Amino acid sequence: MEQGDLADQRRIRFEPDDKPPTALTAGMGLQFAILTIAGIVLTPAIVIRAAGGSDSYLIWAVFAAAIVSGVSTILQAVRFGRIGAGYVLLMGTSGAFIAVCVAALVQGGPDLLAVLVVASSLFQFLLAARLSLFRRLVTPVVAGTVLMLIAVTVMPLIFDMVSASPEGKSDWSAPTSALVTILLVIAIALKSSGSLRLWAPVIGVVAGSIVAAASGLYEFDQVSDAAWVGVPDGGWPGFDLSFGSAFWSLLPAFVIVTIIGAVETIGDSVAIQRVSWRKPRAVDYRVVQGAVAADGTGNLLSGVAGTVPNTTYSTSVSITELTGVAARRVGVAIGVIFIMLAFLPKFLALVLAIPDAVVAAYVTVLMALLFVVGMRIVSEEASDYRKGLIAGIAFWLGVGFQNNLIFPEYLDGFAGGLLENGMTSGGLVAIVLTLFTEATQSRRHRLRTNLAMPELPGIQEFLKGFAKRHGWATSMSQRLDAVAEETLVTLLEAEQAGDAPDDRTLRVTASKQDGRAVLEFVAAARGENIEDRLAVLDEPTADRPVERDVSLRLLQHYATSVLHQQYHELEIVTVHVNPPGSGVSHE
């Protein structure tokens with residue numbers, strides 16, 4: 001495909017550095033804000049209603065969530081130092097935190113929730129500083145399993161809200177409103193495309209609210225009594241600094257969900273770079289670090305303000321790709337509108353008056369999609385039976401603990417109720433099994449050098465020592481030497497063809513898996529942090545690699561499989577080499 005054709009296909013009207021007209025900027029900002037403000041408001045509403053919180057705290061939490069979402073969205077767009085992506089990434093309250101936030105409110109109240117959100121946000125700054133730090137801990141299998149368990153944990157609360165009609169109303173009023181909402185959202189999402197699909201949640205909630213109003217469920221008095229402009233009269237919860245058993249039992253759950261949220265942010269920050277420029281650009285991991293840091297800042301502000309945590313919205317990518325407008329000014333406009341809406345109590349009351357059954361139907365769709373996302377991530381990794389086994393055991397143990405079915409007479413109250421939350425218990429099981437798998441595997445050996453032919457003797461000496469440590473004969477060492485030479489030539493051919501920077505560094509990793517040698521050759525521009533780049537590209541929501549057509553005589557003769565991947569200036573060749581006489585046939 002020619003470059004001009006690719007640009008036409010992307011239809012990018014305004015790149016991040018462009019300055020669209022003020023009217024267009026304001027109009028796009030208003031459209032984006034309207035699409036997402038309902039989700040920002042409804043998440044704290046469903047958390048506080050499910051936990052039986054007060055109306056004053058609900059009003060405050062919604063007010064604070066809108067402001068924090070606005071500030072963090074602006075921060076993502078303008079990039080302040082190392083905080084922020086510099087792209088249009090909408091920030092808002094996260095449905096993934098519903099279960100743990102409800103548990104915190106029930107066990108300790110809003111002040112406990114606030115301190116838990118602040119404490120867990122610190123882990124995002126650690127992750128942003130070193131993306132590779134959690135690369136082997138929070139694997140795609142762990143992330144996918146936790147996402148599925150989040151839906152399993154939340155859905156019992158949601159189903160109770162769907163079926164509960166208020167006293168004095170028809171028993172069918174709440175279920176009918178929920179049914180209309182969910183059917184309309186699903187129908188539009190399945191049969192429409194383009195902009196109408198983005199509006200499906202809004203249309204479904206509005207239609208469900210109209211049906212609810214006909215049954216007397218919609219509280220018009222709450223809307224009419226609210227002021228047009230103003231701030232809540234109180235409701236800030238403060239902090240519970242006693243650090244009791246409830247804090248320590250819930251902190252692991254908050255940390256796990258926070259890290260999973262950071263994984264989602266990594267995927268969103270990679271994807272937004274792909275759709276924001278007319279000409280393809282390499283993924284900049286500094287943008288990814290900035291996005292995760294801004295996400296952590298948003299969560300820190302959420303805790304300080306006493307509301308539920310937030311995260312990036314993946315719809316940012318869909319909307320940017322659909323409209324072709326990626327200018328940072330639009331991100332600033334969205335954030336400003338979020339903040340303005342926070343000071344309009346009548347508008348917020350209009351959203352808060354939506355009946356529980358309609359809200360529950362809306363969240364049901366979100367949780368169903370969240371479960372499918374987790375399932376897809378796990379299924380992509382399940383070709384390795386070890387990873388499939390980890391996911392299966394962790395998921396079903398999480399379900400068992402969530403339903404209090406696993407040794408309840410012995411584990412009731414264990415560690416302050418640490419295992420009572422299925423997402424926490426299942427996530428911990430997945431992490432422990434992953435660490436066990438990593439610890440029992442053969443140690444990886446690494447060599448960092450220049451991507452140049454004169455470095456071949458040093459690479460071969462490194463591989464000779466690797467073969468000797470594992471007791472392989474001279475014939476296997478010679479086979480590894482041939483593979484290294486052919487791979488180095490392949491990588492240098494890309495450089496000579498002009499597809500790569502002239503000055504490149506090479507990292508060679510050698511490990512023993514299932515009785516064979518696995519060699520990984522990673523070439524990158526000098527100055528790149530290879531580990532952080534790999535950490536970004538390994539995330540489950542990042543773009544998958546492009547498998548290049550390679551014809552390597554020696555590699556195909558000596559190896560069972562060869563995968564040549566290219567991420568713009570980051571190039572990876574992975575080779576699985578069998579010892580001589582292993583009985584493996586080659587084509």
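## A walk through a predicted protein model

Let's start at L451, which sits in the loop between β3 (445–450) and α20 (456–469). Keep in mind that this is a predicted model. Is L451 buried or exposed? With a relative accessible area of 6%, L451 is buried, because anything under 20% gets that label. You can also look from L451 across to V489: these two are 38 residues apart along the chain, and their C-alpha atoms are separated by 9.8 Å.

**The whole chain**

Now zoom out. The protein chain has 587 residues, and buried residues make up 54% of them. Its secondary structure comes to 23 helices and eight strands. How much surface does the protein chain expose? The figure is about 25400 Å², and carbon and sulfur atoms supply 60% of that. Contacts tell you about the fold too: take those in the protein chain with a separation of 6 or more, and 79% of them come from residues 24 or more positions apart.

**Salt bridges**

Side chains of opposite charge can pair when their charged atoms come close. How many salt bridges turn up in a search of the whole structure? The search finds four. Here are some of the pairs, with the distance between N and O atoms:

| Pair | N to O distance |
|---|---|
| D17 and R328 | 2.3 Å |
| D18 and R278 | 3.8 Å |
| R507 and E520 | 2.8 Å |

Take the D17 and R328 salt bridge, at 2.3 Å from N to O. D17 lies in the loop between α1 (3–10) and α2 (22–50), while R328 is in helix α14 (residues 328–342), so this pair ties together parts that are 311 residues apart in sequence. R328 counts as partly exposed, at 25% relative accessibility.

Next comes D18, whose salt bridge with R278 has its closest N and O atoms 3.8 Å apart. This pair also links distant parts of the chain: D18 is in the loop between α1 and α2, R278 is in the loop between α11 and α12, and their positions lie 260 residues apart in the count. Are these two buried, or partly exposed? D18 is partly exposed at 26% relative accessibility, and R278 is partly exposed too, with a relative accessible area of 29%. There's a bit more going on here, since E15, D18 and R278 are linked in a network of salt bridges.

Then there's R507 with E520, a salt bridge of 2.8 Å from N to O. R507 belongs to strand β4 (residues 504–513) and E520 to strand β5 (residues 516–525), and the two are 13 residues apart. Both R507 and E520 are buried.

**A buried asparagine**

Have a look at N299 in helix α12 (residues 285–305). At 3% relative accessibility, N299 counts as buried. Which side chain joins that of N299 in a polar contact of 2.5 Å? The partner is Q124. Leaving out residues up to four places away in sequence, N299 touches V117, S121, Q124, T258, P309 and N310.

**A nonpolar patch on the surface**

Which residues make the nonpolar surface patch of about 650 Å²? They are W236, F239, L241, F243, W248 and V304. One of them, W236, is found in the loop between α10 (220–225) and α11 (245–274). W236 is partly exposed, with a relative accessible area of 47%. Why can W236 count towards a patch? Its 47% matters because patch residues need over 30% relative accessible area.

F243, another of the patch residues, is placed in the loop between α10 and α11. F243 counts as partly exposed at 37% relative accessibility.

**Two positive phi angles**

F243 has one more thing to show you: a positive phi of about 50°, although it is not a glycine. R79 isn't a glycine either, and has a positive phi of about 60°. Where is R79? Look in the loop between α3 (55–78) and β1 (91–93). With a relative accessible area of 31%, R79 is partly exposed.

Technical notes:
Residues are numbered from 1 along each chain as its sequence is written. This is a predicted model: local features need pLDDT of at least 70, side-chain atom pairs count only at pLDDT 80 or more; totals for chains, interfaces and linings use all residues. Side-chain values use heavy atoms; hydrogens and water are left out. Patches are made of residues with over 30% relative accessible area and no salt bridge: like charges are joined within 9 Å, nonpolar side chains (Val, Leu, Ile, Met, Phe, Trp, Tyr) within 5 Å. Accessible areas come from the Shrake-Rupley method with a 1.4 Å probe; for residues, only the protein chains shown count as cover. A salt bridge is a side-chain nitrogen of Lys or Arg within 4 Å of a carboxyl oxygen of Asp or Glu. Helices (H or I, at least four residues) and strands (E, at least two) are DSSP runs, numbered from the N terminus. Buried means under 20% relative accessible area, exposed over 50%, partly exposed in between (1.4 Å probe, protein chains only). A polar contact is a pair of N or O atoms within 3.5 Å; within protein, one must be able to donate a hydrogen and the other to accept it, and residues adjacent in sequence count only if both atoms are side-chain atoms. Contact means heavy atoms within 4.5 Å.
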